[in-house]
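Let's take a walk through this protein together, from the overall layout down to a handful of single residues. Keep the viewer open as you read.

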Amino acid sequence: AQSMLSDTNADALRERMFAVIEGRSAGQAESVRNMGEARNVVIQIVNIWEADDLFRQHIYQPEITAMVAQLMDTDTVRVWHDQVQYKPPTIGGPTNWHQDHPY
């Protein structure tokens, strides 16, 4: 199967994520916050596509949106909210599967 994301593109997105976290991005995400008591345990970025054009392009890739629409059995998909949860390596422990808020 063909990859949806090249190594080069993944590297670029990772660098752009760090730029958003460090306040170096062209735009600003809705929020960037540390979710743990210790420094940088889990960093949450809400609506990163508002801060960076490469993330905006990524979420609107026709191949990705077509797959999402097919999974949802619809012809229309709208982005309401996105989140990046970044957990640096070697810090903290695993997070078990859970549901934050029941629907």
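Before anything else, a word on how the pieces are named: helices (H or I, at least four residues) and strands (E, at least two) are DSSP runs, numbered from the N terminus. With that naming, glutamine 44 sits in strand S2, and we'll come back to that residue further down. Bear in mind throughout that this is a predicted model.

Start with the big picture. The protein has three helices and three strands, and along the sequence they come in the order α-β-β-α-α-β. Put the C-alpha atoms in a box along the principal axes and you get roughly 45 × 35 × 30 Å. Of the 103 residues, 22% count as buried. The accessible surface is about 8200 Å², and carbon and sulfur atoms own 51% of that. As for how the chain meets itself, take the contacts with a separation of 6 or more: 53% of them link residues 24 or more positions apart.

Now for the inside. Which residues make up the largest nonpolar core? There are 11 of them: Leu13, Met17, Val20, Ala29, Ile43, Ile45, Ile48, Ala51, Leu54, Phe55 and Val84. Helix H1 (7-21), strand S2 (43-46) and helix H2 (53-59) are the elements that each supply two or more of these residues. H1 is the top contributor, with three residues. Phe55 is a good core member to click on. Setting aside neighbours within four places in sequence, phenylalanine 55 makes contact with Leu13, Arg16, Met17, Ile48 and Trp49. Of those partners, Leu13, Met17 and Ile48 are core members too.

Back to glutamine 44, as promised. Is this residue buried or exposed? Glutamine 44 counts as buried because its relative accessible area is 8%, and the cut-off for buried is under 20%. Not counting residues up to four places away in sequence, glutamine 44 touches Ser31, Val32, Arg33, Met35, Gln83, Val84 and Gln85. One of those partners, valine 84, is 40 residues away in sequence, yet the two C-alpha atoms are 5.6 Å apart.

Just past that strand, the loop between S2 and H2 holds asparagine 47. Phi of asparagine 47 is near 60°, a positive value in a residue other than glycine. Asparagine 47 counts as buried, because its relative accessibility is 4%. Aspartate 73 makes a handy companion, since we can look at phi there as well: aspartate 73 has a positive phi of about 55° although it is not a glycine. Aspartate 73 lies in the loop between H3 and S3, and it counts as exposed because its relative accessibility is 71%.

That loop also contains valine 77. At 33% relative accessibility, valine 77 counts as partly exposed, because that class covers values between 20% and 50%. Apart from neighbours within four places in sequence, valine 77 is in contact with Thr65, Val68, Ala69 and Met72. Aspartate 53 is 24 residues from valine 77 in sequence, and their C-alpha atoms are 19 Å apart.

Valine 77 also takes us to the pockets, as one of the residues lining the second largest pocket. That pocket holds about 150 Å³ of space, and its lining consists of Ile59, Tyr60, Ile64, Thr65, Val68, Val77, Arg78, Val79, Trp80 and His81. Helix H3 (residues 62-72) gives the most to this lining, with three residues. By type, the lining splits into seven nonpolar, two polar and one charged.

The largest pocket has about 350 Å³ of space. Its lining has 12 residues, and Met35, Gln83, Gln85, His98 and Asp100 lie nearest the centre. Here the lining divides into three nonpolar, seven polar and two charged residues. Met35, Gln83 and Gln85 may look familiar: they are among the residues that glutamine 44 touches.

One last stop is glutamine 57, in helix H2. Glutamine 57 counts as exposed because its relative accessibility is 53%, and the cut-off for exposed is over 50%. Glutamine 28 is 29 residues away along the chain, with 16 Å between the two C-alpha atoms.

Key. Residues numbered from 1 in each chain as written. Predicted model: local features only at pLDDT ≥ 70, side-chain atom pairs only at ≥ 80, totals over all residues. Heavy atoms only, no water. Core = buried A, V, L, I, M, F, W, Y, C linked by side-chain atoms within 4.5 Å. Buried < 20%, exposed > 50% of the residue type's maximum accessible area, 1.4 Å probe, protein only. Contact = heavy atoms within 4.5 Å. 1 Å grid on protein atoms, 1.4 Å probe; cavity = no way out; pocket = protein on both sides within 12 Å on 5 of 7 lines; lining within 4 Å. Points joined across faces, edges and corners; volume = space filled by probe spheres on them. Nonpolar A, V, L, I, M, F, W, Y, C, P; charged D, E, K, R; others polar. Areas by Shrake-Rupley, 256 points an atom, 1.4 Å probe, with all protein chains shown as cover.
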